[in-house]
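Reader: Hello! I am new to this structure and would love a close look at one part of it. Could you pick a good spot and walk me through it?

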Amino acid sequence: MNLTRTAYGTWSGGRFMHYGEQLTEEHYMQLMRDAFNKGVRTFVTADVYGVGRADSLLGEALKGIPREEYCLAGIVGHDIYEGIRQGSRGYPRFTDPTLRGPEKYYDYLKMATEKSLERCQTSKFDLLMLHNPDSISYTNEKVWDAFTALKTEGLTDRLGIAPGPANGFTLDMIECFERFGDRMDWAMIILNPFEPWPGQHVLGAAEKNGVDILARVVDYGGLFHDDVKPGHKFRDGDHRTHRPGDWIEHGVEKLEKVRPFAEKHGLTMLQLACQWTLGNKGVKSVVPTMIQEHGEGARSIESKLDDLAALPEQRLTAEDVEAIRQIGDNTGCMALKGASHRHEGQEPRADEWPMRPDLLDLATRWSLGTAW
């Protein structure tokens, strides 16, 4: 089963990514069962979330549902087995040279995939993605040989990449599409009405190389759930506290500017965000984060799931999509991860590395300029 228009991610519910209130395990599992019962048919999980616990809870939540009735996307790449967690940077990538060389990539990926499948209580993913690739994973033939072998062996029907965790990696992704696009089917990127940049710049290359797009953070950190207002107090450790201090105020100001589009088409604000994102070239599926906010006036997480599950067919015109893009334009608002001039002279890290001349040539070819 291929991915559907709407998807549910196991990072929702605050258990593993620290958004809003943390749901109990039973509430967390019930929400996934509710998602299926309300019509969401794609579920996305990563082995690093809860060091396997998210996989296990998803497997338990969907237990008893015929496997052919839902699409399962798994994500592997952080070495939670032999790697040592590095504080806020998390677990190292499996391609870290201190852990293994290219001759061991296949062994690791097969082991990690099989263990994730076992926790999910199934024998095959519909889509398997590389999680937060480093510069090696984007470019190394051995990585993609190993990944392709897993598909050949029947552990997954489709392959893809899921860059992150921050925004960026634009030129790296385009190069990856051009080199290995014949081996991959999907890429997961950050894209929403208030963060069209830089994700919008990979869409043309994805489409040209036959790679479909799964968009995350569609809700823009919860703002499109419409219950985060100026003065909102996040709990200590909430993942969104890394954003600039005034992001809510600026975001709500933009939210009111795009609200008339939602009202005109009979959409909730989350549905507007989903439809805007799906209105972009090559975007085939959206996976907003379901968040139970803390504090008075917070909507129930179930009501937010209702918005996603009831997403109607596309109502926005191309003119609507462009008008909203202009309101939400965020070009240059942040320092991007991946290949960048600002990393010149440093050793490559897991999520940032120096710019290469061939990537600048690629940027010129795609008319993306050289200010990366």
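Author: Let's begin with Cys274, which is buried because its relative accessibility is 1%, and buried means under 20%. Please keep in mind that this is a predicted model. Is Cys274 part of a disulfide, or in none? A search of the whole structure finds 0 disulfides. Cys274 is accordingly in no disulfide, and the nearest cysteine sulfur, that of Cys71, is 17 Å away. For a pair to count as a disulfide, the two sulfur atoms have to be within 2.5 Å. Cys333 offers another setting for a cysteine: with a relative accessible area of 48%, this residue is partly exposed.

A further cysteine, Cys176, takes us to the helix α6, where Cys176 is one of the buried residues. The helix α6 covers residues 170–180. How many of the 11 residues of α6 are buried? The count is 9, so the helix is largely enclosed by the rest of the structure. Besides Cys176, the buried set includes Leu171, Met173, Ile174, Phe177 and Phe180. Thr170, Asp172 and Glu175 are on that list of buried residues too.

Now step back along the chain to the loop that leads into this helix. Asn167 sits there, between the strand β5 (159–162) and α6. Is Asn167 buried or exposed? Asn167 is buried, because its relative accessible area is 8%, while the limit for buried is under 20%. Leaving aside neighbours within four places in sequence, Asn167 touches Ile190, Glu195, Trp197 and Pro198, and also Met334, Leu336 and Lys337.

With that corner in mind, here is the whole chain around it. Its secondary structure comes to 12 helices and 10 strands, and 58% of the 372 residues count as buried. Contacts between distant parts of the sequence are well represented: among those joining residues at least 6 apart, 75% link residues at least 24 apart. The C-alpha trace spans about 55 × 50 × 40 Å along its principal axes. The radius of gyration is 20 Å, which agrees with the value near 21 Å that a compact globule of 372 residues would have.

Finally, a look at the outside and at the charges. The accessible surface comes to about 14800 Å², with 49% of it belonging to carbon and sulfur atoms. The chain carries 44 positive and 56 negative side chains, and the centres of these two sets lie 1 Å apart.

Methods: Residues are numbered from 1 along each chain as its sequence is written. This is a predicted model: local features need pLDDT of at least 70, side-chain atom pairs count only at pLDDT 80 or more; totals for chains, interfaces and linings use all residues. Side-chain values use heavy atoms; hydrogens and water are left out. Helices (H or I, at least four residues) and strands (E, at least two) are DSSP runs, numbered from the N terminus. The radius of gyration is taken over C-alpha atoms; the globule rule is 2.2 Å times the number of residues to the power 0.38. Buried means under 20% relative accessible area, exposed over 50%, partly exposed in between (1.4 Å probe, protein chains only). Contact means heavy atoms within 4.5 Å. Accessible areas come from the Shrake-Rupley method with a 1.4 Å probe; for residues, only the protein chains shown count as cover. Lys and Arg count as positive and Asp and Glu as negative; His and the chain ends are not counted. The place of a charge is taken as NZ of Lys, CZ of Arg, CG of Asp or CD of Glu.
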